[in-house]
Amino acid sequence: MSINVASASEQQTTTPVLRFERAGLYKTPDRSSGALQIYPGEIVALLGEAGSGKTQIVDQIAGETEKTPGQVYLNGVNVSISTAAERFKAGISRLPWNPSQGRLQAFLSRFNLKKTTVRSRVYQATCVRDFSREERLAICDEALKLFNLTYLEDRSVGEFGGLSGGERRRLDFASVLASAPALLLLDSPFEGCDPATCKLLRRAISRFAEDRGATLIAVRSLSEALCTATRVCLLENKRIVADMEPIDLLASPNLLSPDYRKGALQILDTVAETQEYDPQALRQFVENAFLKAGFDPNTGRELSN
């Protein structure tokens, strides 16, 4: 994937879209400051098993907890004392696994329409920002096209509107991106989606990054993290134990759990395709890294002495 990501030199002079400071957030010695920063064009994955603290971090950034520990900065502005609704209005859009619980849904519920169609739902989402009518229409058209929803634009989105699970997920994504967020927070975005829908959603996230948006994704799947993100933060016990590019995480089997190590070897071809690596070169690189770290490149198990 071609992602427009800020280089290290650019990051030194660019204000991060998100800066999340929390004591003990990072376990690594070189990140004792405890600040998670995401720059324009970055897609950062919070990767961890169930209970590792992924959703908790997303909730804290979005303001969905009773009190936010630490400090949250959006484009350099401290929004730590702002409510979730105020953060949403400022540009933090969170798409939870159940979108009915999200701030966008609360905003959209203000529109008392007898019939809400796919097109009107996406158009309503543009009303979060101060766009002209022409801009709203253009954004709506682009979102419908990007998520392959144009042929459904007149379909009702009511409880019995006839949208499939994949179509509804695409509509959720189209709506949240139409609201023009600065920071996109995604909690298990690919859960329950078929491969075609996952591919479309990854393309949309990539497009958002190309437009200099910042994205934080909470996922349990190693494949989803490696195939989507430009950076991966590995979580254990609510702390980040590694923060690196996907290729570097693949080359660090000692940081991965046994299940993740085994899974890494099984998804190399998929990672190579989505991240545009040479498949044979990637496999050779990862196998050499596993051997050097003392792990069997076929099973992921630790080699006996």
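## Cysteines, a helix pair and some positive phi values

C140 counts as buried because its relative accessibility is 0% (buried is under 20% relative accessible area, exposed over 50%, partly exposed in between, with a 1.4 Å probe and protein chains only). This is a predicted model, where local features need pLDDT of at least 70, side-chain atom pairs count only at pLDDT 80 or more, and totals for chains, interfaces and linings use all residues. Residues are numbered from 1 along each chain as its sequence is written, and side-chain values use heavy atoms, with hydrogens and water left out.

**Exercise 1.** Work out how many disulfides a search of the whole structure finds.

*Solution.* Start with the cut-off: a disulfide is a pair of cysteine sulfur atoms within 2.5 Å. Searching the whole structure then gives 0 disulfides. Take C193 as a case: the nearest cysteine sulfur belongs to C198 and sits 5.0 Å away, and C193 is in no disulfide. Finally, C193 counts as buried because its relative accessibility is 17%.

**Exercise 2.** Describe how helix α5 and helix α7 cross.

*Solution.* First, pin down the elements: helices (H or I, at least four residues) and strands (E, at least two) are DSSP runs, numbered from the N terminus. Here α5 covers residues 118–125 and α7 covers residues 165–178. Next, the geometry: their axes come within 7 Å and cross at roughly 30° (axes are lines fitted to C-alpha atoms, for helices over the stretch in contact, and angles run from 0 to 180 degrees between N-to-C directions). So α5 is roughly parallel to α7 (angles under 35 degrees count as roughly parallel, over 145 as roughly antiparallel, 65 to 115 as roughly perpendicular and the rest as oblique). Last, the side chains: V118, R121, V122 and A125 in α5 meet L171, A174, S175 and A178 in α7, with contact meaning heavy atoms within 4.5 Å.

**Exercise 3.** Find which residues of α12 are buried, and what they pack against.

*Solution.* Helix α12 runs over residues 268–275, and its buried residues are L268, V271, A272, T274 and Q275. Now look at the partners: these buried residues pack against α8 (195–210), α9 (222–228), α10 (246–250), α11 (258–266) and α13 (279–293). Just past α12, E276 has a positive phi of about 60°.

**Exercise 4.** Place S188 and R212, and give the phi of each.

*Solution.* Some background: most residues other than glycine have a negative phi. S188 has a positive phi near 50° and lies in the loop between β7 (183–187) and α8. R212, not a glycine either, has a positive phi of about 75°; its loop joins α8 and β8 (214–219). With 31% relative accessibility, R212 counts as partly exposed.
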